[in-house]
Amino acid sequence: MRVARAAAALGALGALAVSALAVAATIDAFDVQKRKGVYSFEANAHLAATRESIYAVLTDFDDNAYSRISRSYKESRYLESAEDGTPIVYTRMEGCMGKRCVSFERTERLETDAPRWIKSTALPEASDFKHATSEFVLEPDGDGTKMLYKLEVEPDFFVPPLIGPWYMKRSVSKGALRAVTRIEGLARQLDGRPPLDPVPPSPSTQGQ
């Protein structure tokens, strides 16, 4: 049961990783690594949309807006800001393996330098992670945008050492096309550009 629960949770973590890859169908590279219980994911991509619109999509948490990117997101919203004025965001994701589903939450500080940079840092006391950070760097690239994305997470649950990186890479590979097409489409709508490709269907069994 512990293995099934961990695999389901890693499926959602994979969706978390791919949900950030907004591209014009070009992902230069991505990789998943694990060191001392910490999973790291890094990707470079080219997006056929302006960075202003991509930034707007990636910082839109209200009214469960992140579910437009991946069906693994069951809730997303802004909370009351921190005392220093830093925005605080809440997300809840769900990952499934067969009929077994696992839900986990993140409450994060959101730091930004619009439209170039976005960083989130989880608050461990209000998250299902001992540590979690994500970072986007958006730079103009021709009539589109070059994006560097980094994710680092240490789950607050047991993950069998042999299934972790392998399963997360598998989840990223399976869900990448769906997630990238959705984000790109949302950004292009804000740009007033026509869509490039239809959004691939999202299997409800995986929730991505």
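**Figure 1. The chain's helices and strands, from end to end.** Three helices and eight strands make up the secondary structure of this chain, shown here as a predicted model. Start at the N terminus and the elements come in the order α-β-β-α-β-β-β-β-β-β-α. The chain has 208 residues, and 48% of them count as buried. As for who touches whom, take the contacts with a separation of 6 or more: 55% of these join residues 24 or more positions apart.

**Figure 2. Where the prediction is confident and where it isn't.** Averaged over the chain, pLDDT comes to 78, and 68% of the residues score at least 70. Strand β6 (residues 117–122) has the highest confidence, at 97, while helix α1 (residues 2–18) has the lowest, with a mean of 52.

**Figure 3. Two stretches to view with care.** Across residues 18–25, pLDDT stays under 50, and the model gives this stretch 38 contacts beyond four places in sequence. Residues 202–207 also have a pLDDT below 50, with 14 contacts in the model beyond near neighbours in sequence. Where pLDDT is low, it's best not to read the predicted coordinates in detail.

**Figure 4. A look into the second largest pocket.** This pocket has a volume of about 210 Å³. Which strands each supply at least two residues of its lining? They are β1 (26–35), β2 (38–47), β7 (129–141) and β8 (144–155). Sorted by class, the lining has six charged, four polar and two nonpolar residues.

**Figure 5. The residues around that pocket, by name.** The second largest pocket is lined by D31 and Q33, then S40, F41 and E42. K119 is in the lining too, along with T133, S134 and E135. K150, L151 and E152 complete the list.

**Figure 6. Zooming in on S134, one of the lining residues.** S134 sits in strand β7. Is this serine buried or exposed? S134 is buried, because its relative accessible area is 8%, and the cut-off for buried is under 20%. Even so, S134 is part of the lining of the second largest pocket.

**Figure 7. The company S134 keeps.** Setting aside neighbours within four places in sequence, S134 is in contact with I118, K119 and S120, and also with Y149, K150 and L151. Among these partners, K119, K150 and L151 also line the second largest pocket. With S120 there is a side-chain link as well: the side chains of S134 and S120 make a polar contact at 2.5 Å.

How values were computed. Residues are numbered from 1 along each chain as its sequence is written. This is a predicted model: local features need pLDDT of at least 70, side-chain atom pairs count only at pLDDT 80 or more; totals for chains, interfaces and linings use all residues. Side-chain values use heavy atoms; hydrogens and water are left out. On a 1 Å grid over the protein atoms alone, a cavity is a set of points where a 1.4 Å probe fits but cannot get out, and a pocket is an open set with protein on both sides within 12 Å along at least five of seven lines; lining residues have an atom within 4 Å of a point. Grid points are joined across faces, edges and corners, and a volume is the space filled by probe spheres set on the points. Helices (H or I, at least four residues) and strands (E, at least two) are DSSP runs, numbered from the N terminus. Ala, Val, Leu, Ile, Met, Phe, Trp, Tyr, Cys and Pro count as nonpolar, Asp, Glu, Lys and Arg as charged, and the others, Gly among them, as polar. pLDDT is the predictor's confidence in each residue, from 0 to 100. Contact means heavy atoms within 4.5 Å. Buried means under 20% relative accessible area, exposed over 50%, partly exposed in between (1.4 Å probe, protein chains only). A polar contact is a pair of N or O atoms within 3.5 Å; within protein, one must be able to donate a hydrogen and the other to accept it, and residues adjacent in sequence count only if both atoms are side-chain atoms.
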